[in-house]
Amino acid sequence: MENKLQLTDFDCITCGSYFQMLKGYIPFIPPDKQSTVAIFIRMAELIWTVEFYKNGPSPALQREAGDIKDIIRELRPCCAGKDLEILETFSNFGNISEIMEMYKKAGSGSPDILSSVLSPSQKEMYEKYRKILNC
């Protein structure tokens, strides 16, 4: 099974790749022992994380709050399947919000001008976002 997900900075800094290697070995362990090893790995990760934070927050894990686009861009490599779809939805939500703000700033009076160029399914999505944003 090919794994295309990247380790987060948090995982790399707090536990390194050692635990990933152990997790990769789990399928080769007899089935009756897999849960014991898996629980051991999770407990060890927790202990290492607690030890890591005993000295306070790590500058290596601090980022500027920044733009939501930057956050989503950094999260994409850590997501797959449905999680990635959810992340993309948040990304699109931000894009629609920006477009509506541009229309307001341009003095269009109402963001409804946008609905005249949208397909029926796009109009439906647009109306949902508009209600959420109270525009």
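Leaving aside residues up to four places away in sequence, Glu45 touches Cys15, Phe19, Gln20 and Lys23, a contact being heavy atoms within 4.5 Å. Glu45 sits in helix H3 and, at 11% relative accessibility, counts as buried (under 20% relative accessible area is buried, over 50% exposed, in between partly exposed; 1.4 Å probe, protein chains only). This is a predicted model, where local features need pLDDT of at least 70 and side-chain atom pairs count only at pLDDT 80 or more, while totals for chains, interfaces and linings use all residues. Residues are numbered from 1 along each chain as its sequence is written, and side-chain values use heavy atoms, with hydrogens and water left out.

Glu45 has company in H3: Ile41, Ala44 and Thr49 are buried too. The buried residues of this helix pack against H1 (9–14) and H2 (18–25). As for length, the 23 residues of H3 (31–53) should span 33 Å, and the end C-alpha atoms, 34 Å apart, agree with that (the expected span is 1.5 Å times one less than the number of residues).

On the outside, Tyr18, Met21, Ile47 and Trp48 make up a nonpolar patch with about 450 Å² of accessible area together. H2 and H3 each chip in at least two of its residues. Met21, from H2, counts as exposed at 53% relative accessibility.

Confidence is mixed. The protein averages a pLDDT (the predictor's confidence in each residue, from 0 to 100) of 78, with 76% of residues scoring at least 70. Among the elements, H3 has the highest mean, 93, and H5 (81–105) the lowest, 71. Where pLDDT is low, the predicted coordinates shouldn't be read in detail.

Conventions. Helices (H or I, at least four residues) and strands (E, at least two) are DSSP runs, numbered from the N terminus. Patches are made of residues with over 30% relative accessible area and no salt bridge: like charges are joined within 9 Å, nonpolar side chains (Val, Leu, Ile, Met, Phe, Trp, Tyr) within 5 Å. Accessible areas come from the Shrake-Rupley method with a 1.4 Å probe; for residues, only the protein chains shown count as cover. A salt bridge is a side-chain nitrogen of Lys or Arg within 4 Å of a carboxyl oxygen of Asp or Glu.
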